[in-house]
Amino acid sequence: MAIKSIPYGTTDFDLIITENNYYVDKTDFIPMVEKSDRFFTFLRPRRFGKTLFLATLDAYYNIKYKDKFDFYFKDKKVYSQLTPKRNSYLVMKFDFSKVDNNIEKVYESFNSRIKNTLADFLIQYKEYFSEDIYKEFKNINKCDDALDYVLSQTKLANQKVYLIIDEYDNFANSLLSR
């Protein structure tokens with residue numbers, strides 16, 4: 001039997017599974033996540049696997065991975081305790097690790113990160129929205145208005161959103177440490 005590679009620093013669940021790398025299976029926590037409050041926070045030390053677990057949640061809940069579900073999870077712990085919410089969401093993932101922590105640029109960078117994530121979301125799930133949604137979206141400048149618009153359009157499309165926010169404190173911690 002071949003020794004699996006250890007994907008140090010890799011947070012791409014699809015890549016880890018597709019390349020048959022070593023994966024520490026934490027999927028038995030998924031049913032507990034569902035039973036918890038609607039909003040929860042993972043507080044763990046750096047390099048503890050938070051981002052990879054969020055990528056695992058994305059693969060589990062994302063409607064676009066429905067066809068790959070068995071490939072991803074057939075040999076994982078969660079497969080014996082599947083939940084009805086699997087593959088039933090449009091997943092919106094914000095990653096704030098790329099927000100510029102320069103105090104003069106943080107607002108613009110944060111706004112840009114939100115807008116880019118929302119634009120990617122609309123492109124990724126374009127089959128669920130009207131053709132004009134992206135044109136209308138591009139005319140919105142403020143990130144909070146853009147988020148309201150996308151969420152209202154998602155509701156009109158009768159879809160549910162699973163929101164994942166990673167590195168929510170990254171730029172804030174950098175600013176505070178100065």
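Visitor: Which residues form a nonpolar patch on the surface?

Guide: In this predicted model, local features need pLDDT of at least 70, side-chain atom pairs count only at pLDDT 80 or more, and totals for chains, interfaces and linings use all residues. Residues are numbered from 1 along each chain as its sequence is written, and side-chain values use heavy atoms, with hydrogens and water left out. A patch is built from residues with over 30% relative accessible area and no salt bridge, like charges being joined within 9 Å and nonpolar side chains (Val, Leu, Ile, Met, Phe, Trp, Tyr) within 5 Å. With about 530 Å² of accessible area together (Shrake-Rupley method, 1.4 Å probe, only the protein chains shown counting as cover for residues), the members are Ile 6, Tyr 8, Tyr 22 and Val 24.

Visitor: Is Ile 6 buried or exposed?

Guide: Ile 6 lies in the segment before helix H1 (13-18); helices (H or I, at least four residues) and strands (E, at least two) are DSSP runs, numbered from the N terminus. Buried means under 20% relative accessible area, exposed over 50%, and partly exposed in between (1.4 Å probe, protein chains only). Because its relative accessibility is 68%, Ile 6 counts as exposed.

Visitor: How many salt bridges does the structure hold?

Guide: A salt bridge is a side-chain nitrogen of Lys or Arg within 4 Å of a carboxyl oxygen of Asp or Glu. One of them joins Asp 75 and Lys 76 at 2.8 Å, N to O. The number of salt bridges in the structure is five.

Visitor: How many residues apart in sequence are the parts tied together by Lys 68 and Asp 14?

Guide: Lys 68 and Asp 14 form a salt bridge, with 2.9 Å between the closest N and O atoms. Lys 68 lies in the loop between helix H3 (50-61) and H4, and Asp 14 in helix H1, so the pair ties together parts whose separation in sequence is 54 residues.

Visitor: Is Lys 76 buried or exposed?

Guide: Its salt-bridge partner is Asp 75, which is exposed at a relative accessible area of 56%. Lys 76 has a relative accessible area of 10%, so Lys 76 is buried.

Visitor: What does helix H5 reach from its first C-alpha to its last?

Guide: Helix H5 covers residues 106-124, which is 19 residues. The expected span is 1.5 Å times one less than the number of residues, giving 27 Å for H5. The reach in the model is close to that, at 26 Å.
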